[in-house]
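Work through the following exercises with the sequence and the 3D structure at hand. Each task is followed by a solution in steps.

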Amino acid sequence: MAQLPKPKFLDSGTPPHIFTLILLASLSPLSMNFFLPSLPSMSIHFQTSPAVLGLSVGIFLASSAILQILVGPLSDHFGRRPIVLWSLIIFILVTFMVPFVTSTKIFLILRALQAAAAACIVTSRAIVRDTTTSAAESGQRISYVTMGMALAPMLGLSLAGFIDSWVGWQTNFWILGCAGTIVLIICYFDQAETLNMKGASFKEQMRQYPELLRSRRFWGYCLSSSLGSGAFFAFLGGAPFVGSELFHLTPEDLGLYISTTALGYFLGNYLSGRYSIQVGIDMMVYLGLIISVLGMSCSLVISFLGYSSAISFFGLMAFTAIGNGLTMPNAAAGMMSVRPDLAGTASGLGGSIMIAGGAALSAAATTMLGPNSTETPLVFLMWLSVTGGFLSILYVRRRNKMLARFEEQKT
């Protein structure tokens, strides 16, 4: 890899500053859940139920999954910068259209198009891989990027409920569009191209997918990340119902409670950025999933015994989010380390699989919660997801140890 100059903020001749990467990675998660506290008032405006509007989270995730399959190879072929700029332009235009919509169908379509922001996550991770020399170093930098990106939805959710109460839900989308515009301006002046050379054609890039899909190492990291984060996506699909209908939280309180998960994710990413190089990415993924399983197990027991409350439900989910903060950045670095020359492709494919699974779990969480249901089915679904991720990393660690012993015997 050619030596790249040291990043200088707002210098388009150097790689993007870490602050710019944080902004890029933050926009998609912010737009995914920024409006959740406004679902009750939005349902009145659109004359439908909060559950129907809640499906927009799953639609957003499904669109993100499809987009990331395409964005990865495109960024490896055309470069990171043009993909980022065009994706931001699409996101901004669509977001500014939402406040004028009166049809539920049109709103859901625009939410699908808003997923253009997901391209920024793929490219920000690929940029990190472009500018680092090892998987552990990549995991550390991705941790800091995602640690920062956890602040945006945390603060956004806290503010969204109050904004909805003060000036209406439409203002949330005006703010989101303005945020996208600011990110576009910063990226235009700060983001140099980090792809060392033009990659293969788009068709040739797509042909690399079977090679990645045949890699057990890639699948191990991918499933660990996808299933480990699955609890969070299921949570996003079901938390508005659980908070408002079962625990009778106001939009302001619901936003504050949901934001506690972002705080846990922030802490997990800080620990990951601090210790990934010393501990190693495999161990960080392993420890993260242990914490997630413990958090969900406690929540499941409390819910099954009938003692669940807003504090226990949201508090233990924040505990699980700490585990996600350890797992996801290191698993992402592991996926891209399989083929560093296809960092964008690996980031896109891995992200697509993770988001597709998240969309399915979010939709499942929405549909399984009805007028007479409790939170127990949702908690059980989240427990199954993190347990599956834990089993995946156990398999990867065992296989890696076997391969290491085999290499020792050869030498």
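**Exercise 1. Burial and span of helix H6**

Task: Decide how far H6 is enclosed by the rest of the structure.

Solution. Start with the burial of the helix: 13 of the 13 residues of H6 are buried, so this helix is largely enclosed by the rest of the structure. Next take its geometry. H6 covers residues 118-130 and reaches 19 Å from its first C-alpha to its last, close to the 18 Å expected at 1.5 Å a residue. The model is a predicted one.

**Exercise 2. The chain as a whole**

Task: State how many helices and strands the chain has, and what share of its residues is buried.

Solution. The secondary structure comes to 16 helices and zero strands. Of the 411 residues, 56% count as buried. For the surface, the accessible area of the chain is about 16600 Å², and carbon and sulfur atoms hold 69% of that area. For the contacts, take those with a separation of 6 or more: residues 24 or more positions apart account for 86% of them.

**Exercise 3. Helix H8 and a neighbouring ring pair**

Task: Check whether the span of H8 agrees or disagrees with its number of residues, then list its buried positions.

Solution. Helix H8 runs over residues 170-190, which is 21 residues. At 1.5 Å a residue the expected span is 30 Å, and the end C-alpha atoms are 31 Å apart, so the two agree. The buried residues of H8 are Asn172, Phe173, Leu176, Gly177, Gly180, Val183, Leu184, Ile186, Cys187 and Asp190.

One of these, Phe173, leads on to the aromatic rings. The whole structure holds 16 aromatic pairs. Among them is the pair of Trp169 and Phe173, with 5.9 Å between the centres and 90° between the planes. An angle over 60 degrees counts as edge-to-face, and the Trp169-Phe173 pair is of that kind. Both Trp169 and Phe173 are buried.

**Exercise 4. Other ring arrangements**

Task: Which residues form an aromatic cluster, and which arginines lie over the face of a tyrosine?

Solution. Phe235, Phe247, Tyr257, Phe313 and Phe314 make up one aromatic cluster. For the arginines, Arg81 lies over the face of Tyr188 at 5.1 Å from the ring centre. Arg397 lies over the face of Tyr286, with 4.3 Å to the ring centre.

**Exercise 5. The backbone at His248**

Task: Say what is notable about phi of His248, and whether this residue is buried or exposed.

Solution. Most residues other than glycine have a negative phi. At His248, phi is near 55°, a positive value in a residue other than glycine. The residue is found in the loop between helix H11 (216-246) and helix H12 (251-279). Its relative accessible area is 63%; the cut-off for exposed is over 50%, so His248 is exposed.

**Exercise 6. Cysteines**

Task: How many disulfides does the structure hold, and how do Cys222 and Cys298 compare in accessibility?

Solution. A search of the whole structure gives zero disulfides. Cys222 has a relative accessible area of 1% and is buried. Cys298 has 41% and is partly exposed.

**Exercise 7. Positions within helices**

Task: For Ser63, Pro82, Pro329 and Gly288, give the helix and the burial class.

Solution.

- Ser63 lies in helix H3 (residues 50-78). Its relative accessibility is 19%, and since buried means under 20%, Ser63 counts as buried. Leaving aside neighbours within four places in sequence, Ser63 is in contact with Ala112 and Ala115.
- Pro82 is in helix H4 (residues 80-97) and is partly exposed at 32%. Pro82 and Glu193 are 111 residues apart in sequence, with 8.7 Å from C-alpha to C-alpha.
- Pro329 is in helix H14 (residues 310-337) and is buried at 1% relative accessibility. Its C-alpha is 7.8 Å from that of Ser272, 57 residues away in sequence.
- Gly288 is in helix H13 (residues 281-304) and is buried, with a relative accessible area of 0%. The C-alpha atoms of Gly288 and Asn324 are separated by 6.1 Å, at 36 residues apart along the chain. Beyond neighbours within four places in sequence, Gly288 is in contact with Gly323, Leu326 and Thr327.

Terms used: Residues are numbered from 1 along each chain as its sequence is written. This is a predicted model: local features need pLDDT of at least 70, side-chain atom pairs count only at pLDDT 80 or more; totals for chains, interfaces and linings use all residues. Side-chain values use heavy atoms; hydrogens and water are left out. Helices (H or I, at least four residues) and strands (E, at least two) are DSSP runs, numbered from the N terminus. The expected span of a helix is 1.5 Å times one less than its number of residues. Buried means under 20% relative accessible area, exposed over 50%, partly exposed in between (1.4 Å probe, protein chains only). Contact means heavy atoms within 4.5 Å. Accessible areas come from the Shrake-Rupley method with a 1.4 Å probe; for residues, only the protein chains shown count as cover. A disulfide is a pair of cysteine sulfur atoms within 2.5 Å. Rings of Phe, Tyr and Trp (its six-membered ring) pair if their centres lie within 6.5 Å; planes under 30 degrees apart count as stacked, over 60 as edge-to-face and the rest as tilted. A charge sits over a ring if NZ of Lys or CZ of Arg is within 6 Å of the ring centre and within 35 degrees of the ring normal.
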